[in-house]
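Please look over the sequence and the model shown here before reading on. The text below walks through the fold, one pair of rings, one pocket and one further residue.

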Amino acid sequence: MAKKRTPQELERIRQRKEFVQSKPDLDPAEARQRFFVQTRAQELEKSGVEVTKERRAALRQKFASGNVQRAGFYTAGDI
């Protein structure tokens with residue numbers, strides 16, 4: 001049975017798909033990673049956290065390790 005998705009997760013999936021499709025010159029996996037880093041960096045900045053190069057590198061590492069808790073950033077092939 002299919003898992004129920006929240007409206008936030010469905011919106012994130014829609015945005016991820018649009019982002020990946022808008023970057024045909026990038027490998028889809030690289031585009032998904034960039035989407036994750038950009039999205040999380042924007043969320044952190046909104047909450048008042050300074051986003052440095054080191055923070056972005058940590059976000060890239062977190063995505064690459066598969067340690068992202070929120071759904072909607074990965075596709076089934078990434079996991």
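What follows starts with the chain as a whole and then turns to single residues.

The model is predicted. Its chain contains 3 helices and 0 strands, and the order along the sequence is α-α-α. The chain has 79 residues, of which 29% count as buried. About 5800 Å² of the chain is exposed, and carbon and sulfur atoms supply 49% of that area. If contacts are limited to residues at least 6 apart in sequence, 42% of them join residues at least 24 apart.

How many aromatic pairs does a search of the whole structure find? The search finds 2. In the pair formed by F19 and F35, the ring centres are 5.7 Å apart and the planes stand at 45 degrees. Stacked pairs have planes under 30 degrees apart and edge-to-face pairs have planes over 60, so at 45 degrees F19 and F35 count as tilted. This pair links distant parts of the chain. F19 belongs to helix 1, which covers residues 7-21, while F35 belongs to helix 2, which covers residues 28-46. The two phenylalanines are 16 residues apart.

Are these two rings on buried or exposed residues? The cut-off for buried is a relative accessible area under 20%. F19 has 13% and is therefore buried. F35, with 6%, is buried as well.

F19 and F35 also appear in the lining of the second largest pocket. This pocket holds about 160 Å³ of space. Besides the two phenylalanines, its lining consists of Q8, E11, R12, Q15, Q38, T39, Q42, E43 and R70. Which elements give two or more residues to this lining? They are helix 1 and helix 2. Sorted by class, the lining of the second largest pocket has 2 nonpolar, 5 polar and 4 charged residues. As for how such space is found, rolling a probe the size of a water molecule over the atoms shows where empty space is left.

A last stop is E30, which lies in helix 2. Its relative accessibility is 30%, so E30 counts as partly exposed. E30 and V20 are 10 residues apart along the chain, and their C-alpha atoms are separated by 8.8 Å.

To recap, helix 1 and helix 2 are linked by the tilted pair of F19 and F35, and both of these helices give two or more residues to the lining of the second largest pocket.

Notes: Residues numbered from 1 in each chain as written. Predicted model: local features only at pLDDT ≥ 70, side-chain atom pairs only at ≥ 80, totals over all residues. Heavy atoms only, no water. Phe/Tyr/Trp six-rings, centres within 6.5 Å; stacked < 30°, edge-to-face > 60°. Helix = DSSP H or I, 4+ residues; strand = E, 2+ residues; numbered from the N terminus. Buried < 20%, exposed > 50% of the residue type's maximum accessible area, 1.4 Å probe, protein only. 1 Å grid on protein atoms, 1.4 Å probe; cavity = no way out; pocket = protein on both sides within 12 Å on 5 of 7 lines; lining within 4 Å. Points joined across faces, edges and corners; volume = space filled by probe spheres on them. Nonpolar A, V, L, I, M, F, W, Y, C, P; charged D, E, K, R; others polar. Contact = heavy atoms within 4.5 Å. Areas by Shrake-Rupley, 256 points an atom, 1.4 Å probe, with all protein chains shown as cover.
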